[in-house]
Amino acid sequence: MTDERFVSGDDTVLRIENLCMEFNDHKAVRNVTYSLPKGKLVGLIGPNGCGKSTMMKCICKVHQMTSGKIYVGGNDISEMKPAEVSKLVASVPAEAGQTFGMTVMDMVMLGRYPFVDKIWWETEEDERVVREAMRTFGIDHLRRKKVSTLSSGERQRALIAKAYVQQPILMLVDEPTSHLDMKYKLDVMEYLQNMARSDMTVLVAEHDISLMARYCDLCVIMKKGQIVTIGDPKEVVTEQLIRDVYEVDSRVGLDVDGEIYVLPKRARWDTNPDEVHFGSNR
C-alpha cells in the first residue's frame, strides 16, 4: 500500500498513475501509482523479478507501457518523442555495453546527443559541459583512455557523467554498485546523493538494502510488480518488511552513528531447509 503523503504538487518530478506492463501473460508491473518530489535520492528496492527495471524502462520509454500514465515534470511522456523524453530523463544502465573503442570523453559526450539540432558536431558549450562533468566525477584525467580499459568504479562514474550531461530533472540508475568493492560503492552513492542535493531527482534500483537505507531520502519497496510501501527508510525498512518482501529473517537497527543497517540472518523456506537436497552423494 502506497503512502498517501506522496501526492502531486508543484515540486513533483515524477507521477505514475495505474501503470501496468505485461509481457504476453506475465504482468511485470501491476497498477502502480506514486509520485516523487524534486531533489530526492530514492531507492527502488525489491527481490529479483519484482518489476524494478521494467518500471524504469517504461519511464524512459524503452518499453511502451501496456496501460496507465507517466508524467515527468508535468509532461505526459506518451505524447512525447523519445528524444524529447531524453531531455528530461537520463538512464544509467548496470553495464556499459559495447563501447567500440570509444574514449571516455567520446562516451560522456554522447550524453549531449539530445541537444544536437541537425548533425553530430559538438559545440564549445557541449565540450564545456562534458569537461566540467568529468572533473566533477573525478574522471577528467581519464578522458583519452578507452572505456574498455577502465576499472569497474571508473566505468560506473563515466556512465553517471554521461547521464549527468543530459541535464535531466530525473535520473534512473540501475544497480550502480553491483560490481563494485566497498570503497567504490560508497563513492558512487555519494555522487548520486550530491546530485539529488542539486535538485535533481535520482531513482536508484539496487539490491543492497543497507546502502539504500543509509543514503536515500525515500525508499520505494516493490514485490511481484506492485508497490508495498514508500517512505523514509528508517520508518519503512523493518524486520517484518524484509520477512514479507524477501522471505528472509534479518536484524534491522541503528549503528552508533544513528545510521540504519540491515543484517540478513537466514532464508525462510516453505519446507524444512534440512530436507532440501542440492545434488546427490551417489
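Start with the surface of the whole chain: about 15100 Å² is exposed, and carbon and sulfur atoms supply 47% of that area (Shrake-Rupley method, 1.4 Å probe; for residues, only the protein chains shown count as cover). What you see is a predicted model, where local features need pLDDT of at least 70, side-chain atom pairs count only at pLDDT 80 or more, and totals for chains, interfaces and linings use all residues. Residues are numbered from 1 along each chain as its sequence is written, and side-chain values use heavy atoms, leaving out hydrogens and water.

Next, color by burial. Of the 282 residues, 46% count as buried, meaning under 20% relative accessible area with a 1.4 Å probe, protein chains only.

Now switch to a cartoon view. You will find 9 helices and 12 strands, which are DSSP runs numbered from the N terminus (helices H or I, at least four residues; strands E, at least two). The C-alpha trace spans about 65 × 45 × 45 Å along its principal axes.

Then select residues 12-23 and 67-72. These are strands β1 and β4, which run antiparallel and are joined by 5 bridges. Zoom in on C20: its bridge partner in β4 is S67.

Widen the selection to the open sheet around this pair, whose 4 strands follow the order β2-β1-β4-β5 with antiparallel pairing (two strands pair if DSSP finds at least two bridges between them). Which strands stand at the edges? Select 26-37 for β2 and 75-76 for β5: each has a single partner strand, so one side of each is left without a neighbour in the sheet.

Notes
Buried < 20%, exposed > 50% of the residue type's maximum accessible area, 1.4 Å probe, protein only.
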